[in-house]
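Let's take a friendly walk through a protein model. Have the sequence and the 3D view open while you read.

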Amino acid sequence: MSLTDEDEALIAAALNGSPLAWEKLVRRYESKIYNHGLRLMGSSSDAMDLMQEVFLGVYRNLHHFRGDAKFSSWIFRIAHNKAIDMNRRKRLMTTQTRTSDQEELDFLDLIPGETNIEPDNMVSEQQQNKRVISMLSKLPLEQRLVVELKMFQSQTFEEIANLQDISVNTAKTRFYTALKKLKVVSEKVHALP
Amino acid sequence: MPCPKTQHILQEYFADDLESLAKEKIESHLLVCEHCSNELESLLLTQNTLTQWKNERTPHWNRGMELFRREHQAPISGFSLWHRLQWAPTVTCFAMMLVLLLNVNFISSQEGFSVSFGSTSDDSSVIAERLVAFQEEQRLAMDALAERVEDRQVSNNIELLQTVLDQNQQTTAENLNRIYVFFEQQRLRDLEDMRIGYQDLVDNDYETIRSLQQLAQFVSYQSPER
Ligand SMILES: [Zn+2]
């Protein structure tokens, strides 16, 4: 039985009301979604919020899952949309008024410490993870998402383009632009004592 | 020296499925262009930094289990209610057996209902005593019973019960029919006994009634003079 078949069997059982099947399905994906959330949102509490929203979305829409896409793609599509929603909400909550377009325009204008993720919020125990989060936090969400999906979820540019409703070329450009920015950021991070 | 092709070359370098021709072109350019190859190296180093990520443990959470259980509880309880209802015919049979064994009589007349236990083919005085003792008590009991029946109708329990009975085995239905027929015969016979008992009672008390009539006549005769 392949992983995809197992997913579908668990979904069918969960739809039939089996709490065990639901729990097993959640267990299979919670770590992926939680770590995905950590990289995207930067803090454990936001990652938890995102993860709970994602699984609530999965639960509410499970009967819509048709199986023509892989469940893993489906859940990351939900995560993608939830991350964008959450980011929008966080923007509204903070005093930051800059739009993502503006951020993209001045992406090379890096001022140290200018980040929407406070280092205090990072609970990552590993230095390495802290560095990754710090680097990613310098990217606008659209670019962060492309890097995340490409490098951590091994999605193709076509899948990413489809998800973000952009052309494949734009997706490639976004990835390249993001990598260039990350390079600059990592050099700064390296330069830190 | 900056290269005008850098963006295109590197963007395509990270593409998913590069045609072999395009791949050759990119690789040959990277071999000759120092700027592009240096840039690529630093980007790969950046990627490498990102892949140092170690998955962190998910903090404890309820996994939506409460929500799941809450929303999937209703059909389960309905199922067990159905199971409980399947006992209804058996319970009914048992109750009817008791009715037969105790020889309970339900008498319906214009005055109301009355119920008595044991044979009614005793002498008429016993019947009369029982009638007097039971009439009020049983009327209250029947009222309460009628109320309960109404309550049940409201909650559609009778319909459910009927459905359950319909769905039960043929044998149960046959048994119920036989018991009912037997019960009905018994009831009619006892009713006839009761009628005779009443007649006797009326005959015996004829004199008393006569006296009462005379008294009434006397009273009505006396009153105009007051
Ligand atoms: Zn070049």
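## Chain B at a glance

First, a term: a residue counts as buried when its relative accessible area is under 20%. By that rule, 26% of the 226 residues in chain B are buried. Keep in mind that what you're looking at is a predicted model.

What is chain B built from? Its secondary structure adds up to ten helices and two strands. Starting at the N terminus, you'd read the elements off as α-α-α-α-α-α-β-β-α-α-α-α. Now take the contacts in chain B between residues at least 6 apart in sequence: 61% of them join residues at least 24 apart.

## The zinc site

Which residues hold the zinc ion? Four from chain B do the job: B:Cys3, B:Cys33 and B:Cys36 each offer their SG atom, while B:His29 uses NE2. The distances run from 2.1 to 2.4 Å. Along the sequence, these donors follow the spacing C-x25-H-x3-C-x2-C.

One pair here, B:Cys3 and B:Cys36, links distant parts of the chain, with their positions 33 residues apart in the numbering. B:Cys3 sits in the segment before helix H1 (6–13) of chain B, whereas B:Cys36 belongs to helix H3 (residues 34–50). Both of these cysteines are buried.

Why is the arrangement called tetrahedral? Because the angles that the four donor atoms subtend around the zinc ion are 107 to 115°, and four donors count as tetrahedral if all angles lie between 85 and 135 degrees.

## Where chain B meets chain A

Now look at the contact between the two chains. Chain B puts in 34 residues and chain A puts in 50. Together they bury about 3,800 Å², and 63% of that is on carbon and sulfur atoms. On the chain B side, B:Leu50, B:Trp53 and B:Arg63 lose the most area to chain A, together making up 21% of what that side buries.

There's charge and polarity in the mix too. Six salt bridges turn up across the interface of chain B and chain A. For a specific salt bridge to find in the 3D view, try the side chains of A:Lys183 and B:Glu39, which meet at 3.2 Å, N to O. The count of residue pairs in polar contact between the two chains is 14.

Which parts of chain B touch chain A? H1, H3 and helix H4 (65–71) each supply at least two residues to that side. H3 of chain B gives the most, with seven residues.

Definitions and conventions: Residues are numbered from 1 along each chain as its sequence is written. Chains are lettered from A and ligands numbered from 1 in the order in which they are written. This is a predicted model: local features need pLDDT of at least 70, side-chain atom pairs count only at pLDDT 80 or more; totals for chains, interfaces and linings use all residues. Side-chain values use heavy atoms; hydrogens and water are left out. Donors are N, O and S atoms within 2.8 Å of the metal (3.2 Å for Na, K and Ca); water is not among the atoms, so sites may look incomplete. Four donors count as tetrahedral if all angles lie between 85 and 135 degrees; four count as square planar and six as octahedral if opposite donors are over 155 degrees apart and all others between 65 and 115; anything else is irregular. Helices (H or I, at least four residues) and strands (E, at least two) are DSSP runs, numbered from the N terminus. Buried means under 20% relative accessible area, exposed over 50%, partly exposed in between (1.4 Å probe, protein chains only). Contact means heavy atoms within 4.5 Å. Buried area is the accessible area (1.4 Å probe) that two parts lose on being put together, summed over both. A salt bridge is a side-chain nitrogen of Lys or Arg within 4 Å of a carboxyl oxygen of Asp or Glu. A polar contact is a pair of N or O atoms within 3.5 Å; within protein, one must be able to donate a hydrogen and the other to accept it, and residues adjacent in sequence count only if both atoms are side-chain atoms.
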